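Biologist: I'd like to learn how to read a protein model. Could you take me through it, one feature at a time?

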Amino acid sequence: MTNFKNNITAESLAKRAFFHLKYSRGKDINAATTFDKMWCFSHAVRDMAVDGFIATQRQYLEEDVRRVNYLSMEYLIGKMCENNVLALGITDVACEALKALDITTKEILELDVEAGLGNGGLGRLAACYLDSLATKELPAFGYGIRYEHGIFRQEFDNGWQRERPDEWLALGYPWELIRPEYTLPVCVYGRVKKNFVPGRGTEDVWEGWEMFEAVPYDVPIIGYDVNTVNMLRLWKSQPAEGFRLDVFNQGDYVRAVEEKNWAENVTKVLYPSDYTYAGKELRLIQEYFLASCSVRDIIRRYKKTHSSFDQFAEKNVIQLNDTHPTLAVVELMRVLHDEEKIPWTKAWDITVNTFCYTNHTLLAEALEKWTVDLMQRVLPRHTQIIFEINHRFLQKVEIAFPGDGDMMRKVSLIEEGSHKQIRMANLCVVASNKVNGVSALHSELLRKNTMPEFDKIYPGKFCNVTNGITHRRWLLKSNTKLSQLLTDQIGEEWKKDLSLLEQFEKFAKDKSVQKRFMEIKKENKIELCKTIQELTGEVVSPNSIFDVQIKRLHMYKRQLLDAMHIIHLYLQIKENPKIKMQPRTFIFAAKAAPAYLTAKSVIKLINTLGEVINQDVDVAGRIKVVFLPDYNVSLAEKIIPAADVSEQISTAGLEASGTGNMKLSLNGALTVGTWDGANIEIAQHVGEDNIFIFGHRTEELEELRKKGYNPWSYMDKCEDLQKVLEAIRDNLFDPTQPDLFKDLYNDLTEHGDHYFYLADFEQYVECQAKISALYVDEAAWAEKAILNVARMGWFSSDRSIQDYCDDIWHLERTPIKPVEKTDSPIS
């Protein structure tokens, strides 16, 4: 028996690729297009992982291991080809095999498909965690949705964001394996009626529902330098009866496919707009779809080796990645109580001991609520179960805290009002045995400010697991030159254990290492310059500071504050064209939610700044502004290695953690940030001398709120801020549309400056001046950048996963034994 990865040779890989070229694509090498070669090579690589895939599932089944089932609406997994080649340890083998196909690695990677399964940090974190779970040889399954169009493909039209369908599945996806034999029914709508059952009394029966189906597709998740190959199971919706031939033959061609269209809409796009009732309903069905089929699949697998549910919670953890999959709680209760006939109390004990919940936000609008009317319409039986959970929970609260009506109102799963709403975050807390935040500050605020009553009811339930990132994608794959420098200086072992990066710290003052480090940064910047020119037409200088802000666009993340600083610099140049200024290229990439009009206005403002500043002869190249369209994982992999400055400037107390800050620091960018989220822990690890912190802290902002925050007072005492705001108000950059950005101006002034832009502006400008001054001293800059790299080992997602295992999941490492035969069925 041997390690399946050791059997992979250039000859065997090429042979497998030619097999797929002939039998999957129906071509020979003379007729093959570049796409054909990418497709057959990807299938060959996937095939090489199948031995490990089968061995992993077989061993989990035979040993009846405790598993974590990770439920997430998003998985931003990026392109898989290079990542899988790296995990298999066949980089050189792959290059050699591709020679037989007469194609280069670069050509293959350009055509590799980026899965449209996520939008932002939530999905990227989930992808990092799957990578770490496999690499740490832990039994795990990811569950998600196979969106047909993902979020959207972003284009700019006269500076405005335009959304186009992301057709990532148009030509197929080579990394997935369809499992039609595990198709599951999903039911919605209907009604509940009372049935009398002899010996059991009256029971609630859900009937009259409409049914559609969930088809699973499995994506192998290959552990790095181990035999473990876990899986991500993605569900696609389809009609139970796709085509009504009887209706078609009657001439009603539209109605003949109505059911097909309705069912397929459930997995068309990530996060359907909820600004209409129909959109809200579709989004609720989408969330239930993920919850229902995932829970039922977990139960199906459990029943293979168990005849009762006595060990269900012992063998399964279900981790809820934010509130989107919350209905899994209710679905498990429904299946256990209604279908398996387990008494309520026992079913509830199983449920609570199975579920854990990760909270990702303190923003009120992100703590999901659904109206009771909508829930009743879509899921009538589940609504009953939620009310019963709430009733029993509030009874216990009343006993523990008699007469405390205020507490009862705050912790109730039902929010009273003209339209009663179900609080999904409250349901998650009540139904989980552990609740974690994702950074030290976030977890503290969650426990003390957002949910103090629950902390009082459930002492010890709340804990912290600070987010992490997989260095295998975000350093080893995306920054190969820096990775080689690290290996040259400290050896290979850091690739498996990122904490060993600390050994690189002793080279921070080494002139030769500093020189090579800065050369690598320059080379990465030159490569990014090419990408910028391809995407925007702008020519930027690699000698300028590359100042990067790349993240989902939201007002609390304060891309607008970055833009205000740019305006400030531009106004300085216009007042004194000869002013000395360190050249800087401001690089933005972000998508705004389609219905988030304020965020879209910020994109338009930044693009307008770029159009004006980049062409202004007075500026003379000292400032460049570029907004790269259609931000995704692949684009991030090009930006991050080239970044000099990492903008992490959210309003203090509102960013749960952030992971972009970790990726950028790991690649040697210096952080400009508020005392917020994981910025705090980064500062603690890299040293506050090696990070640029500014702005009011959470407790200071809370004090401002209590006193009555007045943004006008900050504008009155700062002339530079006045000029910036007037430039936005009057649209100095395009006088033909003077009112274009007046709403942004009003948000910052008359509407109260909810995110404290004005309060932090002066400190932000001062902080940026320090950045410019330091950059002139290349040795000092290099030393701080190297220290950032060397001290980021703690932020590995491997450490995060170990924290989950130790404090929440209690999983045991399960090394996969090498196998010779691969005839065991996949579970």
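Modeller: We'll go through sheets, helices, salt bridges and backbone angles in turn. Keep in mind that this is a predicted model.

Biologist: Let's begin with strands. Which residues of β18 are on one side and which on the other?

Modeller: In a regular strand, side chains alternate between the two faces of the sheet. In β18, I545, D547 and Q549 lie on one side, while F546, V548 and I550 lie on the other, and all of them are buried. That makes six of six residues buried in this strand, which spans residues 545–550.

Biologist: Which strands does β18 pair with?

Modeller: There's β19 (residues 584–589), which runs parallel to β18 and is joined to it by six bridges. Look for F546, which stands opposite T585 of β19. Then there's β21 (residues 645–648), also parallel, with two bridges to β18. Here D547 stands opposite V645.

Biologist: What kind of unit do β18 and β19 make with helix α23?

Modeller: A right-handed β-α-β unit, with α23 covering residues 559–575.

Biologist: And in what order do the six strands of that open sheet come?

Modeller: Read across it as β20-β19-β18-β21-β22-β23, with parallel pairing. The edges are β20 (623–627) and β23 (692–693), each pairing on one side only. Helix α24 (residues 597–613) packs on this sheet, touching β19 and β20, and its direction makes about 140° with that of β20. Over by β23, the neighbour is β22 (residues 670–673), joined in parallel by two bridges. G673 has I693 as its bridge partner there.

Biologist: What does an antiparallel sheet look like here?

Modeller: Try the open sheet of three strands, in the order β13-β15-β14. β13 (369–371) and β14 (414–415) each have a single partner strand, so one side of each has no neighbour in the sheet. Three bridges hold the antiparallel pair of β13 and β15 (residues 421–423). In that pair, K369 is the bridge partner of R423.

Biologist: Now charges. How many salt bridges are there?

Modeller: Side chains of opposite charge can pair when their charged atoms come close. Counting a Lys or Arg side-chain nitrogen within 4 Å of an Asp or Glu carboxyl oxygen, the total is 70 salt bridges. K369, which we just met, is in one of them: its partner is E415, with the closest N and O atoms 2.7 Å apart. This pair links strand β13 to strand β14, and the two residues are 46 apart along the chain. K369 is partly exposed, at 36% relative accessibility.

Biologist: How far apart along the chain are E63 and K817?

Modeller: 754 residues, with E63 in helix α2 (residues 34–63) and K817 in the segment after α34 (797–809). Their closest N and O atoms are 3.8 Å apart, and they form a salt bridge.

Biologist: What separates K515 and E519 in helix α22?

Modeller: An α-helix has 3.6 residues a turn, so residues three or four places apart point the same way. K515 and E519 are four residues apart in α22, so about one helical turn separates them. They form a salt bridge whose closest N and O atoms are 2.6 Å apart. K515 counts as exposed at 52% relative accessibility, and E519 as partly exposed at 29%. Salt bridges can also share partners, joining R179, D218, R233, D297, R300 and R301 into one network.

Biologist: Is N426 buried or exposed?

Modeller: N426 has a relative accessible area of 9%, under the 20% cut-off, so it counts as buried. You'll find N426 in helix α17 (residues 424–431). Its side chain reaches the backbone oxygen of S412 at 3.1 Å. Beyond its close neighbours in sequence, N426 touches K410, V411, S412, L413, M451 and F454.

Biologist: Last one: what is the phi of D225?

Modeller: Most residues other than glycine have a negative phi. D225 goes the other way, with a positive phi near 60°. D225 sits in the loop between β9 (210–222) and β10 (229–239). K341 also has a positive phi, near 60°, and is in the loop between α12 (327–339) and α13 (344–354).

Key:
Residues numbered from 1 in each chain as written. Predicted model: local features only at pLDDT ≥ 70, side-chain atom pairs only at ≥ 80, totals over all residues. Heavy atoms only, no water. Buried < 20%, exposed > 50% of the residue type's maximum accessible area, 1.4 Å probe, protein only. Contact = heavy atoms within 4.5 Å. Polar contact = N/O pair within 3.5 Å; in protein donor to acceptor, adjacent residues only side chain to side chain. Pairing = 2+ DSSP bridges. Right-handed = clockwise from strand over helix to strand, strands pointing away. Axes fitted to C-alpha atoms, helices over the stretch in contact; angles between N-to-C directions.
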